[in-house]
Amino acid sequence: MHPVMEMRDVEFAFDQKKILDGVSLRAEQGDRLVVLGTSGSGKSTILRQILGILHPQRGSVFFQGQEVAKLERRQLSQMRGRIGMVFQYAALVSSLNVRDNLALPLEELTDKPADEIEKIVDEKLALVELTEAKMKMPAELSGGMKKRVGIARALVHEPELILFDEPSAGLDPVTAVVIDDLILDLSAKTNVTAVIVTHLMQSALKIATQMAMLNEGKIVAEGTPDEMRASSNEIVQDFLAAAGEKS
Ligand SMILES: Nc1ncnc2c1ncn2[C@@H]1O[C@H](COP(=O)(O)OP(=O)(O)O)[C@@H](O)[C@H]1O
Ligand SMILES: [Mg+2]
């Protein structure tokens, strides 16, 4: 069986600047793969490669065994329908209430009947514990609630893979923990495969089944959270120290 997502030796540069320099990653069914790196290290670029928004200049990216760069436009948009994306900034439509933000992709991209759409919206809102916010406008929501709406929206198409860009960054520490717990809970309830990019070691250690440390375009260390805790890699050590995991 092929992994759900695999990157093989991916190189990517903007202009002359090399961002990814031989990155290999894989996420098997049910994994929560966390890519950890500082700001500007290329984390969002990795997610854009998986979605086929950017293509590698060398190496390849696979989704369910299919090479993303080889898909035709129609196949690419079909593939994107099988991947949920949770953006760093919730990216909700501010003129639409929560219900409509979730229903919109279903109304626009599927021919599902109205009652089924309503059922899906209710089910996904329940999954992120936001049932009571269904008719609220984005402006009425806290940062954590907006994130949860973003997660619910990424789930409406029953994705095989869900991508999270910095899910707990920019939130207060208590809300950040709530979002981490929610990711664990979703993963347990739906068994969806997840690729999460973050600069927060504490969050990574908590939610990952597998971790990879990205530094200067390369994966410099990888393993389970316990293996990362025991890693002698200097970058990993710095991140652990910053997270208060080492003295
Ligand atoms: N469209 C672009 N054109 C040129 N450089 C870019 C573009 N997008 C990102 N970069 C650069 O690529 C590097 C990695 O960006 P990004 O993947 O967004 O990092 P991260 O998500 O880890 O903060 C950064 O140095 C950024 O300035
Ligand atoms: Mg980013």
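## The S4–S5 hairpin

S4 and S5 form a hairpin in which two residues separate the strands, and glutamine 64 in the turn has a positive phi of about 50°. This description, like everything that follows, refers to a predicted model. The pairing of S4 and S5 is antiparallel and runs over two bridges. Within this pairing, phenylalanine 62 stands opposite glutamate 67 in S5.

Most residues other than glycine have a negative phi. Besides the turn residue of the hairpin, positive values are found at glutamate 158 and glutamate 166, which are described further below.

## The four-stranded sheet

The hairpin strands belong to an open sheet of four strands, ordered S2-S1-S4-S5 and paired in the antiparallel sense. S2 and strand S5 (66-67) occupy the edges and have a single partner strand each, so one side of each lacks a neighbour in the sheet. Strands of a sheet pair through backbone hydrogen bonds, either parallel or antiparallel.

Strand S1 (residues 5-14) and strand S4 (residues 58-63) run antiparallel and are joined by five bridges. Two of the facing positions can be named: methionine 5 stands opposite phenylalanine 63 in S4, and methionine 7 stands opposite valine 61 in S4.

## The surroundings of ligand 1

The shell around ligand 1 consists of Phe14, Lys17, Ile19, Thr38, Ser39, Gly40, Ser41, Gly42, Lys43, Ser44 and Thr45. By class, these residues divide into two nonpolar, seven polar and two charged. Oxygen atoms of the ligand take part in several short polar distances. One lies 2.5 Å from an N or O atom in the side chain of lysine 17. The backbone is involved as well: an N or O atom of the glycine 40 backbone is 2.7 Å from an oxygen atom of ligand 1, and a polar backbone atom of serine 41 is 3.2 Å from an oxygen atom of ligand 1.

Ligand 1 taken alone exposes 560 Å², of which the protein buries 62%. Strand S2 (17-27) and helix H1 (43-50) are the elements that give two or more residues to the shell. The largest contribution comes from H1, with three residues.

## Helix H1

Beyond its part in the ligand shell, H1 is mostly covered, with six of its eight residues buried. The buried positions are Lys43, Thr45, Ile46, Leu47, Gln49 and Ile50. Among them, Lys43 and Thr45 are buried in H1 and also belong to the residues around ligand 1. Glycine 52 follows H1 and has a positive phi, near 75°.

An α-helix has 3.6 residues a turn, so residues three or four places apart point the same way. In H1, Lys43 and Ile46 are both among the buried residues.

## Helix H3 and arginine 99

At the N-terminal end of H3, asparagine 97 acts as a cap, with a side-chain oxygen 3.2 Å from the backbone nitrogen of arginine 99. The buried residues of helix H3 (residues 98-109) are Val98, Arg99, Asn101, Leu102, Ala103, Pro105 and Leu106. These buried residues pack against helix H4 (114-127) and helix H5 (143-155).

Is arginine 99 buried or exposed? Its relative accessibility is 14%; because buried means under 20%, arginine 99 counts as buried. Leaving aside neighbours within four places in sequence, arginine 99 is in contact with Glu107, Ile117, Glu118, Val121, Lys134 and Met135.

## Glycine 81, glutamate 158 and glutamate 166

Glycine 81 lies in helix H2 (residues 73-81) and counts as partly exposed at 32% relative accessibility. Although glycine 81 and glutamate 158 are 77 residues apart along the chain, their C-alpha atoms are separated by 8.9 Å.

Glutamate 158 is located in the loop between H5 and strand S7 (161-165). Its phi is positive, near 50°, in a residue other than glycine. With a relative accessible area of 53%, glutamate 158 is exposed. Glutamate 166 likewise has a positive phi near 50°, but its place is the loop between S7 and helix H6 (173-190). At 6% relative accessibility, glutamate 166 counts as buried, whereas glutamate 158 is exposed.

Definitions and conventions. Residues numbered from 1 in each chain as written. Chains lettered and ligands numbered in written order. Predicted model: local features only at pLDDT ≥ 70, side-chain atom pairs only at ≥ 80, totals over all residues. Heavy atoms only, no water. Near = heavy atom within 4 Å. Polar contact = N/O pair within 3.5 Å; in protein donor to acceptor, adjacent residues only side chain to side chain. Areas by Shrake-Rupley, 256 points an atom, 1.4 Å probe, with all protein chains shown as cover. Nonpolar A, V, L, I, M, F, W, Y, C, P; charged D, E, K, R; others polar. Buried < 20%, exposed > 50% of the residue type's maximum accessible area, 1.4 Å probe, protein only. Contact = heavy atoms within 4.5 Å. Pairing = 2+ DSSP bridges.
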